[in-house]
Amino acid sequence: MVADYYRYMAESAKEEKLEEVSNKALEYYEKATNEANNLEPYSPIRLGLALNFSVFYFEVRDNKDEAIKLAEDAHQKATEDPDALANDQYRDSAGIIELLKENLELWKEEDNDDNN
């Protein structure tokens, strides 16, 4: 949540303050990601973190490639184990998985439009 706080600040910050809060958000997203790697790939906490971190890369850092890579990785890992599909935790994660998929489609479409 600390990373999200800094991301929200970065979305409205300017110049020097933008760099400061953006770096703080990155620091906390990286720390949270390291901790979340201990969770199942379909954990709603891990997926929510990946969703927010990818949005951070896309919106704040203007790094579409890293945003897409992060979202694709989370989506792929969360959906690769068919046995997990029956897990209650997976059902809780379905909405986040769909948001990751929608973001990926949108970002890739924008990327294709930029290349044309």
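Ser54 touches Ala67, Leu70, Ala71, Leu100 and Trp107, leaving aside residues up to four places away in sequence. Its place is in helix H3, and the relative accessible area of Ser54 is 0%, so this serine counts as buried. Keep in mind that this is a predicted model. Two of the residues that Ser54 touches, Leu100 and Trp107, turn up again among the best-connected members of the largest nonpolar core.

**The nonpolar core**

- The largest nonpolar core has 31 residues.
- Which residues have the most contacts inside this core? They are Tyr29, Leu47, Phe53, Phe56, Tyr57, Leu100 and Trp107.
- Five helices feed into this core: H1, H2, H3, H4 (64–79) and H5 (88–115) each supply at least two residues.
- H3 gives the largest share, with ten residues.
- As general background, nonpolar side chains in soluble globular proteins tend to be buried together.

**A closer look at Tyr57**

- Tyr57 is one of the core residues with the most contacts inside the core.
- Leaving out residues up to four places away in sequence, Tyr57 touches Leu26, Glu30, Asp62, Asn63, Glu66, Ala67 and Leu70.
- Ala67 and Leu70 are on that list, and Ser54 touches both of them too.

**How H1 sits on its neighbours**

- Helix H1 runs over residues 2–12, and its buried residues are Ala3, Asp4, Arg7 and Ala10.
- Why do these buried residues line one face of H1? Looking down the helix axis, they fall within an arc of 120°, so they share one face.
- What do the buried residues of H1 pack against? They pack against helix H2 (15–36) and helix H3 (44–60).

**Salt bridges**

- How many salt bridges does a search of the whole structure find? It comes up with seven.
- In general, side chains of opposite charge can pair when their charged atoms come close.
- Lys17 and Glu20 meet through their side chains at 3.8 Å, N to O. Both sit in helix H2, three residues apart, which is about one turn of the helix.
- Are Lys17 and Glu20 buried or partly exposed? Lys17 has a relative accessible area of 40%, so it is partly exposed, and Glu20, at 47%, is partly exposed as well.
- Helix H2 also holds Lys24 and Glu27, whose side chains form a salt bridge at 3.9 Å, N to O. Because they are three residues apart in H2, about one helical turn separates them.
- With 31% relative accessible area, Lys24 is partly exposed, and Glu27 counts as partly exposed at 30%.
- Over in helix H4, the side chains of Asp73 and Lys77 meet in a salt bridge at 3.3 Å, N to O. These two are four residues apart, so the separation is about one helical turn.
- Asp73 is partly exposed at 35% relative accessible area, and Lys77 is partly exposed at 30%.
- Some salt bridges share partners, and these join Asp4, Arg7 and Glu11 into one network. Two members of that network, Asp4 and Arg7, are also among the buried residues of H1.

Technical notes: Residues are numbered from 1 along each chain as its sequence is written. This is a predicted model: local features need pLDDT of at least 70, side-chain atom pairs count only at pLDDT 80 or more; totals for chains, interfaces and linings use all residues. Side-chain values use heavy atoms; hydrogens and water are left out. Buried means under 20% relative accessible area, exposed over 50%, partly exposed in between (1.4 Å probe, protein chains only). The arc is that of the directions from the helix axis to the C-beta atoms. Contact means heavy atoms within 4.5 Å. A nonpolar core is a set of buried Ala, Val, Leu, Ile, Met, Phe, Trp, Tyr and Cys residues joined through side-chain atoms within 4.5 Å. A salt bridge is a side-chain nitrogen of Lys or Arg within 4 Å of a carboxyl oxygen of Asp or Glu.
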